[in-house]
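User: Could you give me a close look at one part of this model and walk me through it as you would for a first-year student? I'd like to see how the pieces around it fit in.

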Amino acid sequence: MEGSMMMGVEGIKKTILHGGTGEKLKFVTGSIIVTFHFRTQLCNDERTVIDDSKKAGMPMEMVIGNLFKLDVWEILLMSMNIGEVAEFCCDVIVKYDRESWALNESGTCGQGNKLFKQGRYDEATLKYKEAIMCIKNVQTKEKAWEAPWLRLEKMANTLTLNYCQCLLCMEEYYEVIEHTTDIINQHPGAMEAFYLCGKAHMEVWNEAEARDDFMSVLDLDPGMKKTIKKEFAVLKMRMELKNEEDRLKYKGMFTKMAREQESLELENPDQEIPEQMSPEQETTQVKQSSEEAPLEQTEPSPEHTTPEITCPEQADQDLVSSEQMTPVEPFLLL
């Protein structure tokens, strides 16, 4: 039997190719495991096949109501009988029902928001990360920068900024800077990303970066003027406190060094601290020492002995008695 019908869900058209047997099953959430084959095709003239479970050689299994990443599958399967073969034409927007759920108040994002308000930031980050991964998984199947991809990108960025809010409260400032900078590089008009990035820079005393980010917020949304004025006041106060802390820290460091030097001098009052001379001073000192040193006299050899001539008066004065003379051992001249 072939037939065509519109299901009670917007964007889905069903055509029955072969009727199944028996009545429809009554599905109870989490209690039914469905096994089925499928083939996914594009709705173009070529009917391009994207995926085929029979070619893969393995049927697909899923538990009804188990929050499958594309819950449109549950809608399709719950409309079928056992053994039925049907063709479903789905608008691309239907694929994002699960992701839209991730952003509403009853879904993952809503749970994350609730945990955030309770101050349970660690748990909130897990909820946000779960939703981000879900959306990014679907986004990889879309062509970049086209309308469906951009819609998913906006959803993912919203969740990422919520995640960064938690990180700010957890004082993970550098991770906030990393995530928000990635968003800014891809989407320069993301005002919220500039704002969170500026707050993170302010917390780690990156004054110039914080000012630039806050000014970008004003450029993108002049209505934030009052909020940014307050942030600039906080930034000024934080930088003044930081500069004062640095001044006191370095002052204390120099005072400690001076006290240590004074203590050393008191412990060794007689110890002279040698002054270090320059190379020119060392050269001058060496030269002066060499000029003042006495020349060493050497005894002349017999061959070069000059005979001494004395006048008679001097000779008479130098005469001594034989008794006063010390005998000298004879020696030979060669």
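Analyst: **Starting from one salt bridge**

Let's begin with K143 and E146, whose side chains meet in a salt bridge, 3.9 Å from N to O. (A salt bridge here is a side-chain nitrogen of Lys or Arg within 4 Å of a carboxyl oxygen of Asp or Glu.) Keep in mind that this is a predicted model: local features need pLDDT of at least 70 and side-chain atom pairs count only at pLDDT 80 or more, while totals for chains, interfaces and linings use all residues. Residues are numbered from 1 along each chain as its sequence is written, and side-chain values use heavy atoms, with hydrogens and water left out.

How open are the two partners? K143 is exposed at 58% relative accessibility, while E146 is partly exposed, at 39%. (Buried means under 20% relative accessible area, exposed over 50%, and partly exposed in between, using a 1.4 Å probe and protein chains only.)

Now look at W145. This tryptophan is found in the loop that runs between α5 (121-139) and α6 (147-169). (Helices are DSSP runs of H or I with at least four residues, strands are runs of E with at least two, and the numbering goes from the N terminus.) The odd thing about W145 is its backbone: phi is positive, about 70°, although W145 is not a glycine. Most residues other than glycine have a negative phi. W145 is partly exposed, with a relative accessible area of 46%.

If you'd like another example, jump along to W205. Its phi is near 60°, a positive value in a residue other than glycine. W205 is found in a loop too, the one between α8 (191-203) and α9 (207-220). With a relative accessible area of 37%, W205 is partly exposed.

Back to the two helices joined by the W145 loop. The axes of α5 and α6 come within 9 Å and cross at roughly 160°. (Axes are lines fitted to C-alpha atoms, for helices over the stretch in contact, and angles run from 0 to 180 degrees between N-to-C directions.) That is why α5 and α6 are roughly antiparallel to each other. (Under 35 degrees counts as roughly parallel, over 145 as roughly antiparallel, 65 to 115 as roughly perpendicular, and the rest as oblique.) α5 passes α6 in a left-handed crossing, where left-handed means that the near helix is turned anticlockwise from the far one by less than a right angle.

There's a side-chain link between these helices as well. E153 and K136 form a salt bridge, with the closest N and O atoms 3.3 Å apart. E153 sits in helix α6 and K136 in helix α5, 17 residues apart, so to speak a link between distant parts of the chain. Here E153 is buried at 8%, whereas K136 is partly exposed at 32%.

A further helix joins the picture: α4 (residues 108-117). Its axis is 8 Å from that of α5, and the two pack at an angle of about 165°. That makes α4 roughly antiparallel to α5, and α4 passes α5 in a left-handed crossing. What about α4 and α6? Their axes come within 11 Å and cross at roughly 20°, which means that α4 and α6 are roughly parallel to each other. The crossing of α4 and α6 is left-handed.

Which residues of α4 are buried? They are T108, C109, G110, G112 and L115. After α4 comes G119, with a positive phi near 80°.

Finally, let's step away from the helices. By the rule given above, the model has ten salt bridges. One of them joins the side chains of K14 and E84, at 2.9 Å from N to O. K14 lies in strand β2 (residues 12-18) and E84 in the loop between α2 (72-77) and β7 (85-90), so this pair ties together parts that are 70 residues apart in sequence. K14 is buried, with a relative accessible area of 2%, and E84 counts as buried too, at 10%.
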